[in-house]
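Hello,

Here is the structure I said I would pass on. My notes follow below it.

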Amino acid sequence: NEMMLEKSETLTSEQIVELTRKHNYGTWRFQKGWNPMHIVDAEGCYIVDGKGKRYLDFSAQLMCSNLGHKNQVVIDAIAKQAQQLSYAMPGYATEVRAELSKLLVEVLPAGLSKFFFTTSGTEANEAAFKIARMYTGKTKIIARYRSYHGSTTGSIAATGDPRRWAMEPGGKGPGVIFGPEVNCYKCPIRHTYPGCGIACADYLEHMIRNESDVAAVLIEPVVGTNGVLVPPDEYMPKLRKICDEYGVLLIADEVMSGWGRTGEWFAMNHWGVVPDILTTAKGITGAYVPLGLCATSGKIADFFEDHYFAHGHTYEAHPMTLAPAVAAIREMQRMDLVARAKGLEPYLRGKLEELKAKHPSVGDVRGKGLFWAVDLVKNRTTKEPFGTYSDKVAGRPLLVDQIAGKILADGVTIQAWVSHFIIAPPLIITKVQIDF
Ligand code: PLP
C-alpha cells in the first residue's frame, strides 16, 4: 500500500514538464514552444535529465555553478545553518555575517570593506545605484551598450543591451545614459587597437564633461552575456583616472566575472584597479543559494556614518544565504580554483582556436580564464552576425539556438545568445572534460 501511495503521488517526467510549462513563465522568450528539460540530479560538472541522460555542464548553468554540483562542504554548511539559526532580522549581528565579512575583506579588491547583502545580482546593482546617488548627491549613471545589469526597474534601465527595450516605451530609463562598449573585435566607434589610444574610454570622458549631474560610471569589467568582451589592458586604469578627475564613482558589476571566472578572484584584479563599488552574485555561493553583494569603499562607508542609509530588505544578509557563501569561498581557497581557472586558460583557448581555424563561421573566440565566447559570423570580413536580438524578439529561429540544441543532444550544455556561445564551465573542470 505504501508503495502504491508513493507511486500515485509521484509525477511522471512528462507531468513535471507540463506543470512547469503551464504554470510558470519561461524567461526571455515566447511562451509557445517552451519545452523545459526536466533535471533530476547534478554532480560535479554533470547534470542528469529525467530520462537518466548525463550532460557535461559547460556553462556552469548560468555561469554560476562555479564549484560544480553537490559540493558536500557547502551542503553541510546549509544544513548546519538551518539547524542553528535559519533567520534573523538584518538589524541583528550574527556569527555567520561576521565570518563572511571577514572573509570578503580578504578576497575582494583592497579597500572594499563595507557590505550590503542582497539575494540577486540585480538587487546588488539597485543598491549600488542608490548608494552612488546618495553619496554623490547626483543622479545620472553612465552605462555602456552591450551590457546587462539585471531585470528589475533600475538595473534594466542601466542595461545597454536590447533587453531594456521592453521597459522603455517612453525612452531611456530615469537617469541613465549610454556610452560605447569596449569591443576590439567590432569597435562601436570604428577604431583599431592599439592605434586607437583607447578612444572608447575618451568617449566616456566626453560624456561626463558634457553632462551635468553624473553620479557614476557602471561597467562589467569583462562583459558577460553580450559576448565576453575583454578590454585592452590600458582601458581600466584610464577609466579609473577619468572617474577620479571628475569626481564620478566607478561601479564594477562583477556578477558574472567575479569569483575566479576570469582567472583572478575578480576581473578588476587583472588591471590592479579598485572600483568605488563592486557588485556581485552568482559564484559567491557557487549558486547553492541566491546571494548578491554590494561592496563599497571606505570613503563611502565613512559618508554614511553621518548620513541616513535609506535602503534595506527583509531577506538582506539572510543567514541561510551567508553560510554557504562562507563554505563556497573556503572551498575555492582549498581547491585553489582561481589559479586553476588561470592555469586552464591556455588549454581552453587552444581548443577554441582550433575550432576557429577549422570553421569559417567562427569569426572570433575571446575570453579570459574559464570565460570564453565563440562569435558566429556569416562572413569573416563583414563580420555580419548570424542573428540579431530583433530576430529573437520577433520569434525568428536563431542559428545559435539550433546549434546549442545539437550540442545538447550530444551531451553538453552551453549558453547561446543571439549570435555567440558562452563557454564557462565549473572551475573544477578537467582537461579530459574540455576535450569532450
Ligand atoms: N549583472 C550581470 C553582469 C549579470 O550577468 C547578471 C545576470 O546574469 C546580473 C547583473 C543580474 O543578476 P541576477 O540574475 O542574479 O539578478
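Two residues are in contact if their C-beta atoms, placed from the backbone, lie within 7 Å. Helices (H or I, at least four residues) and strands (E, at least two) are DSSP runs, numbered from the N terminus. The model is predicted: local features need pLDDT of at least 70, side-chain atom pairs count only at pLDDT 80 or more, and totals for chains, interfaces and linings use all residues. Residues are numbered from 1 along each chain as its sequence is written.

Start with helix α4 (residues 72-84). Val74, Ala77 and Gln81 in α4 are buried, meaning that 20 or more other C-beta atoms lie within 10 Å of their own (12 or fewer is exposed, in between is partly exposed). Seen down the axis of α4, the buried residues fall within an arc of 55 degrees, so they line one face of the helix; the arc is that of the directions from the helix axis to the C-beta atoms. Their cover includes α5 (95-107) and α11 (319-335). On the face turned away from the buried side, α4 carries the exposed residues Gln72, Ala79 and Gln83.

Next, a helix pair. Ala201, Leu204, Glu205 and Ile208 in α8 meet Tyr235, Lys238, Leu239, Ile242 and Tyr246 in α9. The axes of α8 (residues 199-210) and α9 (residues 235-246) come within 10 Å and cross at roughly 15 degrees (axes are lines fitted to C-alpha atoms over the stretch in contact, and angles run from 0 to 180 degrees between N-to-C directions).

Last, a loop residue. Lys53 lies between β2 (46-49) and β3 (54-57), and counts as exposed because it has 12 C-beta neighbours inside 10 Å.

Regards
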